[in-house]
Amino acid sequence: MKPANFEYFRATSLDHACELLRAHGDDAKILAGGQSLIAAMNYRLARPQFLIDISNIDSPSEITDESDGVRIKATTTQAIAEHDPVVRRRLPVLANALEHIAHFQIRNKGTVGGSIVNADPASELPAMSLLLDAEFEIQSASDKQVMAAEDFFITYMTTALQSDEVLISILFKAPPENSGWGLHEVARRAGDFALVGSAAIIALDDGGKCSFARVVLFGVASTPVRATEVEDALLGQSCSDALFAEAAKKVSEVVDAESDVHVTDEYRGNVAEVLTVRALADALSRAQAAS
Ligand SMILES: Cc1cc2nc3c(=O)[nH]c(=O)nc-3n(C[C@H](O)[C@H](O)[C@H](O)COP(=O)(O)OP(=O)(O)OC[C@H]3O[C@@H](n4cnc5c(N)ncnc54)[C@H](O)[C@@H]3O)c2cc1C
């Protein structure tokens, strides 16, 4: 399959990309790693008239250790983020999620920002951005803004990003001290998109009770979803397998799964609950080890 005709621009900086977007508006698309966009173009699911390639800008990879988290430039490849020592030390759940994305050849080209803007509800990085309370730095030719991850994802492959805006960087917030994480997903084959995934972070207070909880599911609705009902059932409680099993029943409140060629909606709902129990159990044992 071949894409429809398009004109190609190689941006030299993010400002240059914003200028090109302003000039070509709705007919233009940013090209980052091309691992999703080029396939969509080849299938004629996307037919941009202008492609603005940001993979050759000055210093495309940048990962900064900040007081409240780790900032990753959007054009950083998934492979660079996966192996970065700061990411691995401060955000081990993100490093683990990156390892689940496709195969290393794809991660060598695919970018952190591209995955987030692509907003596939089964993707790991949009889910991680909710789990880690991420903030997105967004720029157009005339404006700059910061948007919370929870305001960003609208529905399948659709975000709040406007057609003249570029995602510049993502600040993934570090979880609290004494916290632990868990991440489980089910895919048909290693490297495939997840059919269902669940990620959790738990922190414990001095008495061993749950003082912080985050639970995010992916592959179960039109966007990744935070399961606040599960979190509320954990806060202030002594963590145990029984508590996790009871709390995880509440994932049904956020699961809005559809059947597809792979699995039924019922399967997705059941597996979401099971994976949430496993993610919480892992989070607890890591939190206990950290305390
Ligand atoms: C075989 C295969 C298996 C895969 N498996 C997985 C998987 O298991 N999990 C997973 O999460 N992903 C998976 N992917 C997708 C992969 O992670 C892509 O790299 C990612 O979704 C898109 O990143 P990219 O940099 O290639 O973006 P591109 O394909 O270049 O762009 C994707 C979209 O984002 C826009 N965009 C990109 N960067 C920006 C920016 N900075 N600002 C504004 N808009 C931007 C583009 O205009 C386009 O609409 C898979 C891909 C393939 C080919």
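**Exercise 1. A nonpolar patch**

Which residues form a nonpolar patch on the surface, and what is their accessible area together?

*Solution.* The model under study is predicted, so local features need pLDDT of at least 70 and side-chain atom pairs count only at pLDDT 80 or more, while totals for chains, interfaces and linings use all residues. Residues are numbered from 1 along each chain as its sequence is written, and side-chain values use heavy atoms, with hydrogens and water left out.

Step 1. Recall the term: patches are made of residues with over 30% relative accessible area and no salt bridge, nonpolar side chains (Val, Leu, Ile, Met, Phe, Trp, Tyr) being joined within 5 Å and like charges within 9 Å. Accessible areas come from the Shrake-Rupley method with a 1.4 Å probe, and for residues only the protein chains shown count as cover.

Step 2. The nonpolar patch consists of Met1, Tyr43 and Leu45, which together have about 450 Å² of accessible area.

Step 3. Locate Met1: this residue belongs to the segment before strand 1 (7-10). Helices (H or I, at least four residues) and strands (E, at least two) are DSSP runs, numbered from the N terminus.

Step 4. Classify Met1. Buried means under 20% relative accessible area, exposed over 50%, and partly exposed in between (1.4 Å probe, protein chains only). Met1 has a relative accessible area of 71% and is therefore exposed.

Step 5. Compare sequence with space: Met1 and Arg44 are 43 residues apart along the chain, and their C-alpha atoms are separated by 8.6 Å.

**Exercise 2. Helix 8 and the residue Asp133**

State how many residues of helix 8 are buried, and follow the chain to Asp133 and its partner.

*Solution.* Step 1. Helix 8 covers residues 124-131, and eight of its eight residues are buried, so this helix is largely enclosed by the rest of the structure.

Step 2. Among these buried residues are Glu124, Pro126, Met128 and Leu131.

Step 3. Just after helix 8, Asp133 has a positive phi of about 45°.

Step 4. Asp133 forms a salt bridge with Arg214 (2.9 Å, N to O). A salt bridge is a side-chain nitrogen of Lys or Arg within 4 Å of a carboxyl oxygen of Asp or Glu.

Step 5. Arg214 is in strand 13 (residues 210-218) and Asp133 is in the loop between helix 8 and strand 6 (135-139), so the pair ties together parts that are 81 residues apart in sequence.

Step 6. Classify both partners: Arg214 is buried at 11% relative accessibility, whereas Asp133 is partly exposed at 32%.

**Exercise 3. Further salt bridges**

How many salt bridges does the structure hold? Describe two of them, and name a network.

*Solution.* Step 1. The structure holds 14 salt bridges. As a general principle, side chains of opposite charge can pair when their charged atoms come close.

Step 2. Arg189 and Asp192 form a salt bridge through their side chains (3.1 Å, N to O). Arg189 is exposed, at 58% relative accessible area, and Asp192 is partly exposed, at 21%.

Step 3. In the salt bridge of Glu231 with Arg226, the closest N and O atoms are 2.8 Å apart. Glu231 is buried at 3% relative accessibility, while Arg226 is partly exposed at 28%.

Step 4. A network is formed by Glu66, Arg71, Glu137 and Lys144, which are joined by salt bridges that share partners.

**Exercise 4. Contacts of Arg90**

Which residues make polar contacts with the side chain of Arg90?

*Solution.* Step 1. Arg90 is placed in helix 4 (residues 85-90).

Step 2. A polar contact is a pair of N or O atoms within 3.5 Å; within protein, one must be able to donate a hydrogen and the other to accept it, and residues adjacent in sequence count only if both atoms are side-chain atoms.

Step 3. The side chains of Arg90 and Asp65 are joined by a polar contact of 2.6 Å. A polar atom of the Arg90 side chain also lies 3.3 Å from the backbone oxygen of Ser67.

**Exercise 5. Positive phi in two loops**

Where are Met157 and Asn178 found, and are they buried or partly exposed?

*Solution.* Step 1. Met157 is not a glycine, yet has a positive phi of about 50°. This residue is in the loop between strand 8 (153-155) and strand 9 (158-159), and is partly exposed at 46% relative accessibility.

Step 2. Asn178, also not a glycine, has a positive phi of about 55°. Asn178 is in the loop between strand 10 (166-173) and strand 11 (179-186), and is partly exposed at 32% relative accessibility.
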